[in-house]
Amino acid sequence: MKWDDYRILLAIVRHKKLASAAKALNLTISTIYRRLEKIEEGRSEPLFRRDDGFYEATELGTELALTAERMEQEVFRAERLVYGEHRDLQGRVTITGPEVLSHFFLARHVPKLCAQHPSLEFEILCGNSVLSLANREADLALRPFRPSDDALYGRKLADIKWAKYGRKKPGVETSNARVIGYSQIEFAEKILQSKDVDFPDSQIQTYSNGLVLSASLAANGAGIAVIPMILGEQWPNLTRLSGPLSQSTSELWMVCHKDLRHSARIRVVFDALEEAAQEDLAMFTGES
């Protein structure tokens, strides 16, 4: 079996369907089908059990898939090492971050990086899912927590404080005001239940499953939102109704794979975003 055969086998194991595997590898379904037939030829047992279009790996198929995963990691490692050796400031840097950090931190500072380094390209991937740095889904990641993987290298850029925000109007009264609650955001739900906030359940009328959505709801008069200050300080038509909440601190980390930390383009982005976080300290923590 060649490496391409292992890639096809692994894609089918992961996606369970030929159509999904073909899409992941940018191949046609007929190509995937022919290649699988050729891989299975001459073997004492099939690699998959077929059931109404779904492909479930047999014991042999599972063992070969595990081998393919190890090969894949070595390929990714080789790519990281080659990429990390580049000393020039050319090429693409892919940065991933949660919605709030992408919109209200990265979006403000990447244009400056573009102007300073015209030979670099920047790809910003916004989303709350954690992309793999080992598999080169991204080169750099902004994360609101300390990295725990020993294969990653990171720097803490700032603390992230939260505060209460409401619609901008004179004389906002908070004691009996409506409050925007959270659903499906565990950390935010805990903040609303902390002694810092202390809103009774009777004040919560609207629930949100997004921080940006909560800011928009608050700005349109739905109630008081407890949100990160980096979001609340920039959202139009919002006013801050409290100081930074002491029990709501998280951390902003910039992370890359250790194999990439000596890359010139990675270092320049690290340094620039660390400086940018210091510029934005008042928005992150309420401190000048």
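Hi everyone. A helix here is a DSSP run of H or I with at least four residues, and a strand is a run of E with at least two. Counted that way, the protein has 10 helices and 11 strands. One thing to keep in mind as we go: what you see above is a predicted model.

Let me start with the protein as a whole. It has 288 residues, and 44% of them count as buried. The exposed surface comes to about 15300 Å², with carbon and sulfur atoms supplying 47% of that area. How do the contacts spread along the sequence? Take the contacts between residues at least 6 apart in sequence: 76% of them join residues at least 24 apart.

Now please turn to the beginning of the chain, where I'd like to walk you through three helices. Helix 1 covers residues 3-15 and helix 2 covers residues 18-25. Helix 3 follows, with residues 29-40.

Let's take helix 1 and helix 2 as our opening pair. Their axes are 8 Å apart, and the packing angle is about 125 degrees. What do we call that arrangement? Angles from 65 to 115 degrees count as roughly perpendicular and those over 145 as roughly antiparallel, so helix 1 and helix 2 are oblique to each other. Their crossing is right-handed. If you want to find the contact on screen, look on helix 1 for Arg7, Ile8, Ala11, Ile12 and His15, which meet Leu18, Ser20, Ala21, Ala24 and Leu25 of helix 2. Sorted by type, the residues of this contact are 7 nonpolar, 2 polar and 1 charged.

Between those two helices there is a loop, and Lys16 lies in it. Lys16 is worth a pause: its phi is positive, about 70 degrees, although the residue is not a glycine. Is Lys16 buried, partly exposed or exposed? Its relative accessible area is 30%, so Lys16 is partly exposed.

Moving along the chain, we come to helix 2 and helix 3. Here the axes come within 8 Å and cross at roughly 105 degrees, and helix 2 and helix 3 are therefore roughly perpendicular to each other. On the helix 2 side we have Leu18, Ala19, Ala21, Ala22 and Leu25, and they meet Ile29, Ile32, Tyr33 and Leu36 in helix 3. What types of residue make up this contact? There are 9 nonpolar residues, no polar ones and no charged ones.

The loop between helix 2 and helix 3 holds Asn26. Asn26 also has a positive phi, near 60 degrees, in a residue other than glycine. With 71% relative accessibility, Asn26 counts as exposed.

That leaves helix 1 with helix 3. These two pack at an angle of about 110 degrees, with their axes 10 Å apart. That angle makes helix 1 roughly perpendicular to helix 3. The residues involved are Asp4, Asp5, Ile8 and Ile12 from helix 1, together with Ile32, Arg35, Leu36 and Ile39 from helix 3. By type, this contact has 5 nonpolar residues, no polar ones and 3 charged ones.

For the last part, let's jump ahead to helix 5, which runs over residues 99-116 and includes Ser102. Is Ser102 buried or exposed? Its relative accessibility is 6%, so Ser102 counts as buried. Setting aside neighbours within four places in sequence, the contacts of Ser102 are Gly97, Ala107, Leu125 and Cys126.

Val110 is also in helix 5. At 10% relative accessibility, Val110 counts as buried too. Not counting residues up to four places away in sequence, Val110 touches Phe122 and Ile124. There is also a long jump along the chain to point out: Val110 and Ala272 are 162 residues apart, and their C-alpha atoms are separated by 9.2 Å.

My final stop is Glu279, in helix 9, which spans residues 264-279. Glu279 has a relative accessible area of 46%, so it is partly exposed. Which residues does Glu279 contact, leaving aside neighbours within four places in sequence? They are His109 and Lys112.

That's my tour. Thanks for listening, and I'm happy to go back to any of these spots with you.

Notes:
Residues are numbered from 1 along each chain as its sequence is written. This is a predicted model: local features need pLDDT of at least 70, side-chain atom pairs count only at pLDDT 80 or more; totals for chains, interfaces and linings use all residues. Side-chain values use heavy atoms; hydrogens and water are left out. Axes are lines fitted to C-alpha atoms, for helices over the stretch in contact, and angles run from 0 to 180 degrees between N-to-C directions. Angles under 35 degrees count as roughly parallel, over 145 as roughly antiparallel, 65 to 115 as roughly perpendicular and the rest as oblique. A crossing is left-handed if the near helix is turned anticlockwise from the far one by less than a right angle, and right-handed if clockwise. Contact means heavy atoms within 4.5 Å. Ala, Val, Leu, Ile, Met, Phe, Trp, Tyr, Cys and Pro count as nonpolar, Asp, Glu, Lys and Arg as charged, and the others, Gly among them, as polar. Buried means under 20% relative accessible area, exposed over 50%, partly exposed in between (1.4 Å probe, protein chains only). Accessible areas come from the Shrake-Rupley method with a 1.4 Å probe; for residues, only the protein chains shown count as cover.
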